[in-house]
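Dear colleague,

I am handing over the structure we spoke about, and it is shown just below. After it you will find a short account of what was found.

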Amino acid sequence: MDIIADLDQYVSYIDNEVALIKFSLPGCQPCKKLTPFLLELREKYPKCKMGEIDISKNNAGDTFDIHHVPVVHVYRNGTLQLIVESNFEKLREEFEQMFK
């Protein structure tokens, strides 16, 4: 999973057919547990770019209005399509629909 370090990198990153951004914090156990699930999705859907933003850096939590983690945003062609905060099976279902 790519590390997204700043807003410029984020903007260029989401401007893809499908991009997934995981918002997390170092030491967050649920965030760490989510990573293998996301890597499984990336393997199944290689056209999806996947990146991670540490919300403790560069005021990212405030910039993206993230107050708890993990949170996943899914973009299609630069437009936010989906926000998933806890039901990550929903994410799998949405990916199946996006990549039909």
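What follows covers the sheet, a helix that lies across it, and the salt bridges.

Please keep in mind that this is a predicted model. Its open sheet has 5 strands with mixed pairing, in the order β1-β3-β2-β4-β5, and the edge strands, each pairing on one side only, are β1 (2-3) and β5 (79-84). Strand β1 runs parallel to β3 (residues 48-54), to which 2 bridges join it, and within this pairing I3 has E52 as its bridge partner. Helix α1 (residues 7-14) lies across β1, β2 (18-24), β3 and β4 (71-76), and runs at about 145 degrees to β2.

The count of salt bridges comes to 3. In the sheet, the side chains of E52 and K22 meet at 3.7 Å, N to O, and this pair links distant parts of the chain, with E52 in strand β3 and K22 in strand β2, 30 residues apart. E52 counts as buried because its relative accessibility is 18%, under the 20% cut-off, and K22 is buried too, with a relative accessible area of 1%.

The helices hold a network of salt bridges that links E40, E89 and R92. The side chains of E40 and R92 meet at 2.7 Å, N to O; here E40 lies in helix α2 (residues 29-44) and R92 in helix α4 (residues 88-98), 52 residues apart. R92 also meets E89 in a salt bridge of 3.2 Å, N to O, and these two residues both lie in helix α4, 3 residues apart, about one turn of the helix. E40 is partly exposed, with a relative accessible area of 44%, and E89 is partly exposed at 42%.

With best wishes

Technical notes: Residues numbered from 1 in each chain as written. Predicted model: local features only at pLDDT ≥ 70, side-chain atom pairs only at ≥ 80, totals over all residues. Heavy atoms only, no water. Pairing = 2+ DSSP bridges. Helix = DSSP H or I, 4+ residues; strand = E, 2+ residues; numbered from the N terminus. Contact = heavy atoms within 4.5 Å. Axes fitted to C-alpha atoms, helices over the stretch in contact; angles between N-to-C directions. Salt bridge = Lys/Arg side-chain N within 4 Å of Asp/Glu carboxyl O. Buried < 20%, exposed > 50% of the residue type's maximum accessible area, 1.4 Å probe, protein only.
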